[in-house]
Amino acid sequence: SMIWGKFAISCSINILTALFSCKNGELLHHQILLENITNEIAQVLIAYGIDTSAENILEKVVQTIQNTSGNYSSMYQDIKHQRLTEIGYLNAYLVQLAAQKNIDIPISRDLLNQFYIQFPEQNRIY
């Protein structure tokens with residue numbers, strides 16, 4: 001469950017810092033988006049038997065953002081330095097897991113599509 005917790009936090013923070021080109025702490029200005037994303041992540045993880053909740057994930061995400069508010073995520077740094085990111089192992093994998101269980105996660109899917117439009121060089125199959 002620790003690995004899934006890190007997965008949930010990374011799926012919530014990393015893609016947004018890359019898309020918004022911001023430090024982690026600036027995500028606190030996007031509370032509703034964070035709530036929606038963590039809700040979708042929780043739906044997927046619960047469907048795979050992970051003992052969690054949207055509230056629990058959101059709490060850990062907000063705590064991580066607060067604790068690392070001055071930092072840039074690894075995905076943001078990879079984009080900035082024109083390196084491949086871990087998007088395929090995080091958000092793309094989340095979308096794949098949701099599809100396998102017929103769970104609709106439109107916000108996460110739309111953010112992933114937006115990421116690939118904004119950073120087309122990242123569009124790889126992993």
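**Exercise 1. Classify Ser21 by its exposure and describe its backbone.**

Solution. With a relative accessibility of 47%, Ser21 counts as partly exposed, because that class covers values between the 20% limit for buried residues and the 50% limit for exposed ones. The model in which this value was computed is a predicted one. As to its position, Ser21 belongs to the loop between H1 and H2. The last step concerns the backbone: the phi of Ser21 is positive, near 50 degrees, in a residue that is not glycine.

**Exercise 2. Carry out the analysis of Exercise 1 for Asn102.**

Solution. Begin with the location, which is the loop between H5 and H6. The relative accessibility of Asn102 is 72%, so this residue counts as exposed, the cut-off for that class being over 50%. Its phi is about 55 degrees, again a positive value although Asn102 is not a glycine.

**Exercise 3. Describe the overall architecture of the chain, and decide whether its dimensions suit its length.**

Solution. Start from the secondary structure: the chain contains six helices and zero strands, giving the pattern α-α-α-α-α-α along the sequence. The radius of gyration is 13 Å, close to the 14 Å that the globule rule gives for 126 residues, and the chain is therefore as compact as a globular protein of that length. Along the principal axes, the C-alpha atoms fill a box of roughly 35 × 35 × 25 Å. Turning to contacts, among those with a separation of 6 or more, 70% join residues that are 24 or more positions apart. Finally, buried residues make up 46% of the 126 residues, while the chain exposes about 7,000 Å², of which carbon and sulfur atoms supply 50%.

**Exercise 4. Identify the residues and helices that build the largest nonpolar core.**

Solution. A general expectation comes first: in soluble globular proteins, nonpolar side chains tend to be buried together. In this chain the largest nonpolar core has 40 residues, and Ile15, Ile41 and Phe115 touch the most other members. Each of the helices H1, H2 (31-47), H3 (54-67), H4 (74-80), H5 (91-100) and H6 (106-118) supplies at least two residues of this core, and H1 gives the most, with nine residues. For a closer view of Ile41, set aside its neighbours within four places in sequence; its contacts are then Ala8, Cys11, Ser12, Ile57 and Leu94.

**Exercise 5. Follow the surroundings of Cys11, one of the contacts of Ile41.**

Solution. Cys11 is in helix H1, which spans residues 2-20. Its relative accessible area is 1%, and Cys11 is therefore buried, given that the class requires a value under 20%. When residues up to four places away in sequence are not counted, Cys11 touches Ile37, Ile41, Leu90, Asn91 and Leu94. A separate distance can be added for Asn39, which is 28 residues from Cys11 along the chain, with 12 Å between their C-alpha atoms.

**Exercise 6. Compare the buried residues of H5 with Gln96, and place this helix among the others.**

Solution. The buried residues in H5 are Asn91, Ala92, Leu94, Val95, Leu97 and Ala98, and the buried residues of this helix pack against H1, H2, H4 and H6. Gln96 also lies in H5, but with 42% relative accessibility Gln96 counts as partly exposed. Between Gln96 and Arg109, which are 13 residues apart in sequence, the C-alpha to C-alpha distance is 9.6 Å.

Conventions:
Residues numbered from 1 in each chain as written. Predicted model: local features only at pLDDT ≥ 70, side-chain atom pairs only at ≥ 80, totals over all residues. Heavy atoms only, no water. Helix = DSSP H or I, 4+ residues; strand = E, 2+ residues; numbered from the N terminus. Buried < 20%, exposed > 50% of the residue type's maximum accessible area, 1.4 Å probe, protein only. Contact = heavy atoms within 4.5 Å. Rg over C-alpha atoms; globule rule 2.2 N^0.38 Å. Areas by Shrake-Rupley, 256 points an atom, 1.4 Å probe, with all protein chains shown as cover. Core = buried A, V, L, I, M, F, W, Y, C linked by side-chain atoms within 4.5 Å.
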